[in-house]
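Here's a quick briefing on how some helices pack and where the pockets sit. Have the structure open while you read.

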Amino acid sequence: MKAYVVEQYGKDAALTERDVTLNQTGNYDLKIKVEGTSLNPLDTKMFFGNVAAAPSTGILQGDVTGKIIEIGESVTSFSVGDHVIAFGGGLGNRSGALAEEMLVPEQMAVLRPENLDIAAAGCLPVISLTAMEVLKERAAVQSGMRLYVAGGTGGVGHLVGQLAKHYGCDVTASASSDEKATWLEEHGIRPHRYRDESAEQLLARLGHDGFDVIVDTVGGGHLQESFILAKERGKIISIATRTTQDLTPMHSKALTLEAVFVALPLLKNKQEEMVRQQQHLAEVAQLIADGVIDLVIEERVPRQLDALNAAYQTFDQRSHFGKISIVTDFS
């Protein structure tokens, strides 16, 4: 089969088109004909050699949607011909979705709702699993909770804010432009124009002592600012902790800081956690299919070599508003 392969990760990495052979379908594997996928920060970090979890096969991208063309002999939940969504590879010893076919574990896949299109389905897995781990497992989200999202219109952030609102939270999120601020307001989320208003000024305007939970999807200065925004004994949950920070304000307020790495269950074959992720993915997919939650697709990149290489090279150089979808067939 055709695949786009990284032969050497690092600063000079590039995708190359190759003919490759997929591993034999395991007992609990689904073989999927890839129809859609998307680009995530985890992919570009592995591409440039910044995360030691890259697939040994050189085939990136764990998000996938497609039709099952073969099942392992022990699979019981799916049949050949089913259309599924999964986070099933693109790291460790598992190939990803930048290929014509992909193997995914049965417990990491869900049926694709009939009214959910391929582009949206291919964008869902990583951001859905991350958002749900943040809210349901780390924050123990409940109605009335005050929550702040740093990076409120990014891939993960725009989902976190909407889901938190759906679960009854009072949600504020950062916005870097009028367009993004307007989108947040339209979805019942209070925008914080952080370039024009400091953390201290925001708290003074809102008239409270801080947020119960800060969800940091950006890192860097945003993570440092989270220590100001959180109330005493509040919780900060970050997906971007590869930075150096001054923890003094965190200590003085007795804050809790937790890091989320959504790929850990798949990478370490943690079965119970994978099943939990499967449940999370099914819930979010249905909410989006039902129109309860909006998925923003910022850009649709053709699955062609030059376009994909350009997307990988430029992804980390700009902020994002939603997701980057990759849905077209191999050329």
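Quick bit of vocabulary: axes here are lines fitted to C-alpha atoms, for helices over the stretch in contact, and angles run from 0 to 180 degrees between N-to-C directions. Keep in mind that this is a predicted model. With that settled, α3 and α4 pack at about 50°, and their axes are 9 Å apart.

**α3 against α4**

- That angle makes α3 oblique to α4.
- The crossing of these two helices, α3 and α4, is right-handed.
- On the α3 side, the contact uses Ile-127, Ser-128, Thr-130, Ala-131, Met-132 and Leu-135.
- Facing them from α4 are Gly-155, Val-156, His-158, Leu-159, Val-160, Leu-163 and Ala-164.
- Sorted by class, the α3 and α4 contact comes to nine nonpolar and four polar residues, with no charged ones.

**α4 against α10**

- Helix α4 (residues 155-166) also packs with helix α10 (residues 271-289), at an angle of about 85° and with the axes 13 Å apart.
- So α4 ends up roughly perpendicular to α10.
- From α4, the residues in this contact are Leu-159, Leu-163 and His-166.
- They meet Val-284, Leu-287 and Ile-288 of α10.
- By class, the contact of α4 with α10 has five nonpolar residues and one polar residue, and again no charged ones.
- Leu-159 and Leu-163 turn up in the α4 contact with α10, and both are also listed in the α4 contact with α3.

**The largest pocket**

- Its volume is about 1100 Å³.
- The lining of the largest pocket counts 45 residues, and closest to the centre are Pro-41, Lys-45, Thr-217, Val-218 and Ile-239.
- Which elements give two or more residues to this lining? They are α1 (41-47), α3 (125-138), α4 and β15 (323-326).
- The lining of the largest pocket splits into 18 nonpolar, 19 polar and eight charged residues.

**The second largest pocket**

- This one holds about 210 Å³ of space.
- Its lining is made of 13 residues, with Asn-93, Arg-94, Pro-105, Leu-266 and Asn-269 nearest the centre of the second largest pocket.
- Two or more lining residues come from each of α9 (264-268) and α10.
- By class, the lining of the second largest pocket has six nonpolar, five polar and two charged residues.

**Tying it together**

- Helix α4 packs with α3, packs with α10 and gives residues to the lining of the largest pocket.
- Helix α10, for its part, packs with α4 and contributes to the lining of the second largest pocket.

Conventions. Residues numbered from 1 in each chain as written. Predicted model: local features only at pLDDT ≥ 70, side-chain atom pairs only at ≥ 80, totals over all residues. Heavy atoms only, no water. Helix = DSSP H or I, 4+ residues; strand = E, 2+ residues; numbered from the N terminus. Parallel < 35°, antiparallel > 145°, perpendicular 65-115°, else oblique. Contact = heavy atoms within 4.5 Å. Nonpolar A, V, L, I, M, F, W, Y, C, P; charged D, E, K, R; others polar. 1 Å grid on protein atoms, 1.4 Å probe; cavity = no way out; pocket = protein on both sides within 12 Å on 5 of 7 lines; lining within 4 Å. Points joined across faces, edges and corners; volume = space filled by probe spheres on them. Left-handed = near helix turned anticlockwise from the far one by under 90°.
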